[in-house]
Amino acid sequence: AIRVGDVIYVAGQIGLVPGTMNLVTGGIRRQCRLALRHVGRLVKAMDKDTQLRDVVQGICYVTNASYIREARNEWERRTNNAIIEYVVVPELPKSALVEWQVWAHRGNTRFEYEETGCVVGENRVSIRRRWNYENTVSAVVCYVSTVSSVSNPVISEFGVQGGYSCESLSESQLLEVLRYAMSRLFKGVPPPAVMQPQSTVAEDSSASASETSVAVLSPPPACSLQVYYRVGRAPSPHLVLAALSQLEEFNIAATLIPVCQLNHPNTFISLCAVRHD
């Protein structure tokens, strides 16, 4: 774990028994409980007044979609303050069934919450956002799903030979989704301010030098973005990177992570982002 200001980041935790460093026996429920106990103790070790209920955002990795319900139940038994994304991956360290990665904030009770959404092309975009009163910290989870997922929990389209077809999302539409998510993450952030003007020396045609002032804008706050994309259904990583490269107005450190499935069967992209000044 590491603390940056009031934010505490906790690396992924699995259900290891400290004395043996072996996974606890008993299946998904016991692994989930022990992993969450590790998370809570790490958060408290970083700050004695911060607890599991102060977690703002988290990622729960599971190796089977059937484990999501149990993991969610275990989390909600302890707190429902955080926005959590559940993703299915093929394997975890030591063949664990579940892993929790979270970040907490000292003063989580001062956070606001909202849900927004829109439709881009044939896809539904849903966002959950949390931010503190001072708006120095903000987090979003953005889901991109087929429109049918709003009323139909069954996977929408089957492709050839029982496989899933790649969802329809062009580069321009993907860019629209990313800009929408970033606009919510940076909502209320003042525009870049003019910093101390810098003087430059320019030479005119008569070889005499003159000084001019150049305004330098302050850099925007940094943001960490994790892009979870469903293999075989989401746009290619090259398309995602191409769209991200066009977001020059934001200061983004992005990571692309391929997954087997996301929280909902019809969701094929999930964006998890955090911004703090």
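Okay, so what we have here is a protein with 4 helices and 15 strands, and please keep in mind that this is a predicted model. The chain has 277 residues, and 44% of them are buried. If you take the contacts with a separation of 6 or more, 73% of them come from residues 24 or more positions apart. As for the outside, the accessible surface is about 13900 Å², and carbon and sulfur atoms account for 52% of that.

Let's go to the sheet. It's an open one with 5 strands, in the order 1-2-7-5-6, and the pairing is mixed. At the edges you'll find strand 1, residues 2-4, and strand 6, residues 83-88, each of which pairs on one side only. From one strand to the next, the twist averages 15 degrees.

Now look at strand 2, residues 7-13, and strand 7, residues 98-105: they run antiparallel, and 5 bridges join them. If you want a spot to click on there, try Tyr9, which stands opposite Trp103 in strand 7.

Two helices lie across these strands. Helix 1, residues 28-46, goes across strand 1, strand 2 and strand 7, and runs at about 25 degrees to strand 7. Helix 2, residues 68-78, lies across strand 5, strand 6 and strand 7, and its angle to strand 6 is about 155 degrees.

On to helix 3, residues 171-185, where we find Arg184. Is Arg184 buried or exposed? The relative accessible area of Arg184 is 16%, and the cut-off for buried is under 20%, so this arginine counts as buried. What is Arg184 in contact with, leaving aside its neighbours within four places in sequence? That would be Glu114, Thr116, Ile127, Arg129, Ser138 and Val140.

Last topic, backbone angles. Most residues other than glycine have a negative phi. Here are two residues to check against that. Met21 is not a glycine, yet its phi is positive, near 60 degrees. Met21 sits in the loop between strand 3, residues 16-17, and strand 4, residues 22-23, and at 44% relative accessibility it is partly exposed.

Then there's Asn135, also not a glycine, with a positive phi of about 60 degrees. You'll find Asn135 in the loop between strand 9, residues 123-132, and strand 10, residues 137-146. Asn135 has a relative accessible area of 14%, so it is buried.

That's my tour, thanks, everyone.

Technical notes. Residues numbered from 1 in each chain as written. Predicted model: local features only at pLDDT ≥ 70, side-chain atom pairs only at ≥ 80, totals over all residues. Heavy atoms only, no water. Pairing = 2+ DSSP bridges. Axes fitted to C-alpha atoms, helices over the stretch in contact; angles between N-to-C directions. Contact = heavy atoms within 4.5 Å. Buried < 20%, exposed > 50% of the residue type's maximum accessible area, 1.4 Å probe, protein only. Areas by Shrake-Rupley, 256 points an atom, 1.4 Å probe, with all protein chains shown as cover.
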